[in-house]
Amino acid sequence: MNSILVYIFQASLVFGSFYLLYKFLFSRFTFHTFNRILLLALIPLSLLAPFSNELFPQLQIFALEIPLFDDFGAFSEVPDNSSTNEAGNHQKIDYGFWIFSIYAIGVVCFLLRFVRTSYRLVKLKKDSHRLISNNTTVYSANVSEVFSYFHWIFVPNTNESFIDECIITHEKAHSTKLHSVDVVFTELFIAFSWFNPLAYFYRKSLKSIHEFQADAFVLAQQKVKKSSYLELLLLSLEPKNTNPAYNYFSHPSLKKRIEMITKSQSKNRLKFSYLLVIPMIALAFMAFKSADKTVIPDETLPTAFIRIGGIPALFPVQNGTIKSISSKFGTVRKHPKLKNKTPHGGIDIKAAKGAPIVATADGTVLKAKDEGNWGNLIVISHADGFETLYAHLKGFKVKEGETVTKGDIIGSVGNTGLSTAPHLHYEVRKDGKRLDPLKYITE
């Protein structure tokens, strides 16, 4: 469940970034086909980017890793020690479950709304009267404005004999260019991204492009003067109570349509600016690619090639022993709070609250602060690409940027973050890859 929320956040981040790029760079161009393709590509791009590891498993050298980004779904798994400690009896609110529940309810509501809209349209078609207007099949129905949906064109039954040919041609353009397919695709995406305000601006931008294309189609097919067509647009009042799934002639973006019709065509050389999207797409996929720079396949590294000062060899809890370890590296077990099953990325060490925690090797403190589900977290950088992480601490004895020596007290055992009982979650990493700490503890 937690991993699903992380994926939704990642996809929304990619979607929002590329939509803003379109809005501020490409939306002013008159290359409507290019802009339509770009906007439609944003949805699959945003959905696929977080799966970079699965899509491009061989892409390793140029990977751009977001520090600790993968750790949202890999929090320490701590056994419930309620029989030995009162803190284990304290039940905290599972925020992930409630956030996901609210999200799921929103998705269901938007999908039901989409189904209801589709049902109403089918019923409207069934109750309408079929007729021919300007050599085109249209459906006279109890509607206030002319609109189209796929190959169906609906006209008001109050003035079905007075529909201008340009209006019919405009709606035929929507049908010919399959604009309704775009709309359905967008509405389904919005159902799953209902919490993202940019999704609604995206829909508005895409529908505006549909109108720009339809207007250009009318001017080209009907050989009508721009001034005459603009008069027709101005005479059309903006419709009220519009449905986002339909294509209206008097679309609410009327002002933008007039500006685009009267605007000079963008110079062809500006089409090369769309090439900027290619490196942006590459960066999006690289940002979610977990770099694996380790050239040694085994987790056990030969110590002959490592300086002694960089090996995290000390037991991290002062006066602690191997017997204090309650959860080992790689163990797959159900997290007591997140309820998900993931391989344990480190070891958990039971200890009394306030027990001293020591640096396991010489190094520099990269992080010493509260990190949400990790609780109070210390990250120390050591020689030869080693890093050690100390999570769920009660407090700190060091500051970020401070140099520490092996054995220095850096903090104390606590019960912060998603911990259910006082303990230390300890990790060893080499060039970003998690390793088994027990393979290095010798003291």
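**Loops, helices and rings**

Q: Where is the place of Leu-178?
A: Helices (H or I, at least four residues) and strands (E, at least two) are DSSP runs, numbered from the N terminus. Leu-178 falls outside such runs, in the loop between helix 5 (165–176) and helix 6.

Q: What pLDDT do local features need in this predicted model?
A: Residues are numbered from 1 along each chain as its sequence is written, and side-chain values use heavy atoms, leaving out hydrogens and water. The model is predicted: totals for chains, interfaces and linings use all residues, side-chain atom pairs count only at pLDDT 80 or more, and local features need a pLDDT of at least 70.

Q: What is the phi of Leu-178?
A: Leu-178 is not a glycine. Its phi is nevertheless positive, at about 55°.

Q: How many strands does the protein have?
A: The secondary structure includes ten helices. Alongside these helices, the strands number 17.

Q: What share of the residues counts as buried?
A: Buried means under 20% relative accessible area, exposed over 50%, and partly exposed in between (1.4 Å probe, protein chains only). The protein has 443 residues. The buried share of them is 48%.

Q: At what angle do helix 2 and helix 6 cross?
A: Two packed helices are described by the angle between their axes and the distance between the axes. Axes are lines fitted to C-alpha atoms, for helices over the stretch in contact, and angles run from 0 to 180 degrees between N-to-C directions. Helix 2 covers residues 32–48 and helix 6 residues 179–192. Their axes come within 11 Å and cross at roughly 30°.

Q: Which residues of helix 6 make the contact with helix 2?
A: Contact means heavy atoms within 4.5 Å. Helix 2 contributes Arg-36, Leu-40, Ile-43, Pro-44 and Ser-46. From helix 6 come His-179, Asp-182, Phe-185, Thr-186 and Phe-189.

Q: How many aromatic pairs are there?
A: Rings of Phe, Tyr and Trp (its six-membered ring) pair if their centres lie within 6.5 Å; planes under 30 degrees apart count as stacked, over 60 as edge-to-face and the rest as tilted. The count by this rule is 26.

Q: What is the angle between the planes of Phe-97 and Trp-98?
A: Phe-97 and Trp-98 form an edge-to-face pair, 5.3 Å centre to centre. Phe-97 is partly exposed at 36% relative accessible area, and Trp-98 is exposed at 51%. Their planes stand at 75°.

Q: Which residues do ring pairs link into a cluster with Phe-189?
A: Phe-189 also belongs to the contact between helix 6 and helix 2. Ring pairs link Phe-189 with Phe-15, Tyr-19, Tyr-22 and Tyr-202.

Q: How many disulfides does the structure hold?
A: A disulfide is a pair of cysteine sulfur atoms within 2.5 Å. Cys-109 is partly exposed at 45% relative accessibility, while Cys-166 is buried at 11%. The number of disulfides is zero.

Q: Is Asn-319 buried or exposed?
A: Asn-319 lies in the loop between helix 10 (277–287) and strand 6 (325–327). Its phi is positive, about 65°, although it is not a glycine. At 74% relative accessibility, Asn-319 is exposed.

Q: How far apart in space are Ala-313 and Pro-437?
A: Ala-313 lies in the loop between helix 10 and strand 6. Ala-313 is buried, at 8% relative accessibility. In sequence, Ala-313 and Pro-437 are 124 residues apart. C-alpha to C-alpha, the two are separated by 8.5 Å.
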